[in-house]
Structures are given as C-alpha cells and as structure tokens.
Amino acid sequence: GVRSVQLAMAASIKSTCVLLGLLLVAISGVDAFASSAFGRSAVVACVAKVSVRMGAPAPAPATKTKSKTITRPGQASPAKPKAANKAQTAQPKRATQDAHIPMWKVMLLGDDGYEEDSVCGVIKQVIPNLSVDDIREKFQKAQKAGDAMLTVINQEHAEALVSSFHRCDPMVFSEALPE
C-alpha cells in the first residue's frame, strides 16, 4: 500500500540523483569523477538528502499581513495616501528586430557619361518605391555635388542594391556607406 508507494518514490528520486550526478560529470568533463571515492560519496550524499527531505512536511508558503488603523471617536482619521505618492513601475522598452541592425546609405555617384532618362529608369527598376520626381531630383544633385543619397537600409540590402546597379544597362555607379 502506502509503504510500497513511498519506496517506489524513493527509488525514483535516488535514480534521478544518480542521473544528475552523471549529468554533472558530462557537463564538467571530468571522467574520473564518478569512479572516484569523492564522486561516489557525492552521489550518496545527494540520495541521503533526498531521503531525509521526503519525510519532512512541505514548508508553509510566505503570507502577507494587512494592518488596520482604528480611530477613536473624535479623532481625525489618518490621511489616505495619494495616488501621486505611489511608486510607478517602469515599463520595459520593447526591442524591435531592426533595433540592433546598422543602417547603410546607398549613394548615387555622379558621372558625365550619364543620360538622365536611362539612369532614372534603371533607378526606378532597382528601387521601385522611389517616385520619379524624387529620382530626377537625386540625379540632378548627384550630377552637381558628385553624389546623392538614394535610400537608407540595412547593410546586406544596400550591398545588393549597389550590385544590382552595377549589373544594369546602362551601368549606374553607386556605393554603400555606413550611416
């Protein structure tokens, strides 16, 4: 009956302790641990602690106590704490997936051999979310200043865009720079 259930539980817990000891050996990488006298005594001590704890009652959970304030007739009641005095808990900031990714600029480099219509068409094909007016404005700026920023994206995509520009016909000169 009850005694056989207790014995079965004790055997199960003892085998768990032995497995934990072997796991400790595997993690620590010390092969001689289990075969040494120290290793055997550590496993026996673990089993003994579990056996002793089985008979002890579970510890009582921690309880919180509330205190009441009693006022006598004719006394002023104590002031209630104001909401402003309450401690506020800080809300954790949610990290987005892109929060730690460094951003890169894709720069259009100006060149005397460019034809505006064909270069703007290539840019529109490679970066379709840019408007034609924005592309023409950036083209004019690149021709005057030497370069103009087309977009800001992560490094991998920036390098892919630069590679795409170099494979197009006509080839559009561009570079990716860290922001």
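Which residues in helix 4 meet which residues in helix 5? On the helix 4 side they are Glu116, Asp117, Val119, Cys120, Ile123 and Lys124, and their partners in helix 5 are Ile135, Arg136, Phe139 and Gln140. Sorted by type, the residues of this contact come out as five nonpolar, four charged and one polar.

Bear in mind that this is a predicted model.

Now for the geometry of that pair. Two packed helices are described by the angle between their axes and the distance between the axes. Here helix 4 covers residues 116–126 and helix 5 covers residues 132–145. They pack at an angle of about 125°, and their axes lie 10 Å apart. Angles over 115 but not over 145 degrees fall into the oblique class, so helix 4 is oblique to helix 5. As for handedness, the crossing of these two helices is right-handed.

Stepping back to the whole protein chain, there are six helices and three strands. Going along the sequence, the order is α-α-α-β-α-α-β-α-β.

A few chain-wide numbers round things out:

| Item | Value |
|---|---|
| Chain length | 179 residues |
| Buried residues | 19% of the residues |
| Exposed area of the protein chain | about 14,200 Å² |
| Share of that area from carbon and sulfur atoms | 58% |

How do the contacts spread along the sequence, and what percentage join residues at least 24 apart? Taking contacts in the protein chain between residues at least 6 apart in sequence, 67% join residues at least 24 apart.

How values were computed:
Residues numbered from 1 in each chain as written. Predicted model: local features only at pLDDT ≥ 70, side-chain atom pairs only at ≥ 80, totals over all residues. Heavy atoms only, no water. Helix = DSSP H or I, 4+ residues; strand = E, 2+ residues; numbered from the N terminus. Buried < 20%, exposed > 50% of the residue type's maximum accessible area, 1.4 Å probe, protein only. Contact = heavy atoms within 4.5 Å. Areas by Shrake-Rupley, 256 points an atom, 1.4 Å probe, with all protein chains shown as cover. Axes fitted to C-alpha atoms, helices over the stretch in contact; angles between N-to-C directions. Parallel < 35°, antiparallel > 145°, perpendicular 65-115°, else oblique. Left-handed = near helix turned anticlockwise from the far one by under 90°. Nonpolar A, V, L, I, M, F, W, Y, C, P; charged D, E, K, R; others polar.
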